[in-house]
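User: Please take a close look at the aromatic rings in this model and explain how they are paired.

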Amino acid sequence: MNDLAKIFASEDIWYLLLALLSAAIISCVATPMVKVLSVKYGAVDIPKDGRRMHDHPIPRMGGLAIFFGFIVSVLVFVALDNDKKGMLLGAVIIVVLGIFDDKYALPAKPKFLVQIIAALIAVMAGNRIDVLSNPNIFSSNPVWQLGWLAYPVTVIWIVAITNAVNLIDGLDGLACGVSTISAATMLVIALLVSELDVAVMMAALVGACIGFLPYNFNPAKIFMGDTGSTFLGFVMATVSVNGMFKQYTIISFVVPFLMLGLPIFDECFAIIRRLSHGQSPMAPDRGHVHHRLIDMGFSQKQAVGVLYVISAILGLSAVVLTASGAQRAMLFLLAMGIAVAVAWRVFLVGPSHEGKDNTEEKGEDKDG
């Protein structure tokens with residue numbers, strides 16, 4: 001781990017810590033104020049279907065506090081070029097959309113359209129996947145030049161990750177914690193590949209999430225709502241375009257999918273599940289990974305803990321793969337084996353009858 005040792009011994013680490021702490025303090029201080037604003041604005045989540053895990057109204061729109069912490073820290077500590085200005089403008093649009101959605105529960109199609117517009121703004125500003133490393137290691141051509149396909153490919157990537165993080169936002173502290181782990185992974189990898197601006201932005205995002213998490217852990221005092229989950233997904237997707245896909249090695253193709261592995265896998269599984277049942281891919285259901293863990297008999301805290309571990313394993317795998325080396329590659333394979341085993345148990349084996357019985361005996365929220 002010589003590369004990591006050099007990073008933590010450098011002066012840059014103090015700059016990153018300052019950006020992280022600033023975002024954390026602002027987010028933590030802003031959250032109680034946003035909670036009051038959410039209640040006054042009427043952005044309150046009232047449990048009314050079987051997908052909800054809570055049994056009483058809880059303010060949502062807490063993602064506004066995460067946004068405040070992130071944006072202030074980025075404006076102070078990051079030099080803004082056209083790429084970053086486009087990303088921030090798109091993020092503002094996503095946050096405004098989230099505020100309206102948390103208040104009025106907007107239909108899926110209009111939200112999807114606005115997300116595409118926000119992604120296009122970021123892409124037109126220069127946040128594009130122009131080149132992809134060729135996953136075929138036996139090919140004589142090491143990269144794919146996307147040309148005009150860079151525009152639709154990048155938009156699809158940004159919109160997909162934006163919604164993937166939103167889909168896993170079903171338990172107290174889940175989406176925020178998983179996003180923290182993913183952003184921290186991106187932070188370390190950005191340092192390994194000498195992308196300091198990306199590292200600072202991810203430090204700000206990690207700090208903003210950390211400042212909000214104490215209010216969001218079970219039992220949650222406030223939800224981040226679509227305001228937060230779509231914002232987190234949008235920022236991580238857009239930043240990954242600049243920090244990861246631009247590295248012309250095989251890891252640039254794999255690493256982003258590992259860093260955001262849990263939400264990506266859950267989203268793909270949800271789309272396949274809904275299409276197989278003749279439903280719209282946008283139709284809500286109760287088949288996400290966190291629902292399955294609850295049905296297996298896990299409590300909310302246990303289910304969130306399991307998913308944190310899976311995200312951490314995937315994040316570690318991404319870091320190890322970036323650092324490379326024979327020993328690290330073996331560690332990567334071991335970590336991936338554990339992740340596959342856990343994912344197989346959760347996604348393919350499915351909920352056990354014993355778990356359902358235990359849930360009923362414990363008096364878990366049957367409406368959630």
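Analyst: In this predicted model, the count of aromatic pairs comes to five. One of them joins F70 and F231: the ring centres are 5.5 Å apart and the planes stand at 70 degrees, so this pair is edge-to-face, given that an angle over 60 degrees is required for that class. The pair links distant parts of the chain, since F70 belongs to helix α3 (residues 63–77) and F231 to helix α9 (residues 225–243), with their positions 161 residues apart.

Both partners can also be described by their accessibility. F70 has a relative accessibility of 0% and therefore counts as buried, because the limit for that class is under 20%. F231 is likewise buried, its relative accessible area being 0%.

A second example is the pair of F100 and Y104, which is stacked, with 6.3 Å from centre to centre and 20 degrees between the planes. Here the two residues lie in one helix, α4 (residues 82–104), four residues apart, or about one turn of the helix. F100 is partly exposed, at 41% relative accessibility.

Returning to the rings of F70 and F231, one finds that they belong to one aromatic cluster together with F67 and F68.

Finally, a ring may also have a charged residue over its face. K103 lies over the face of Y41, at 5.5 Å from the ring centre, which meets the requirement because the charge must be within 6 Å of that centre.

Technical notes: Residues numbered from 1 in each chain as written. Predicted model: local features only at pLDDT ≥ 70, side-chain atom pairs only at ≥ 80, totals over all residues. Heavy atoms only, no water. Phe/Tyr/Trp six-rings, centres within 6.5 Å; stacked < 30°, edge-to-face > 60°. Buried < 20%, exposed > 50% of the residue type's maximum accessible area, 1.4 Å probe, protein only. Lys NZ or Arg CZ within 6 Å of the ring centre and 35° of its normal.
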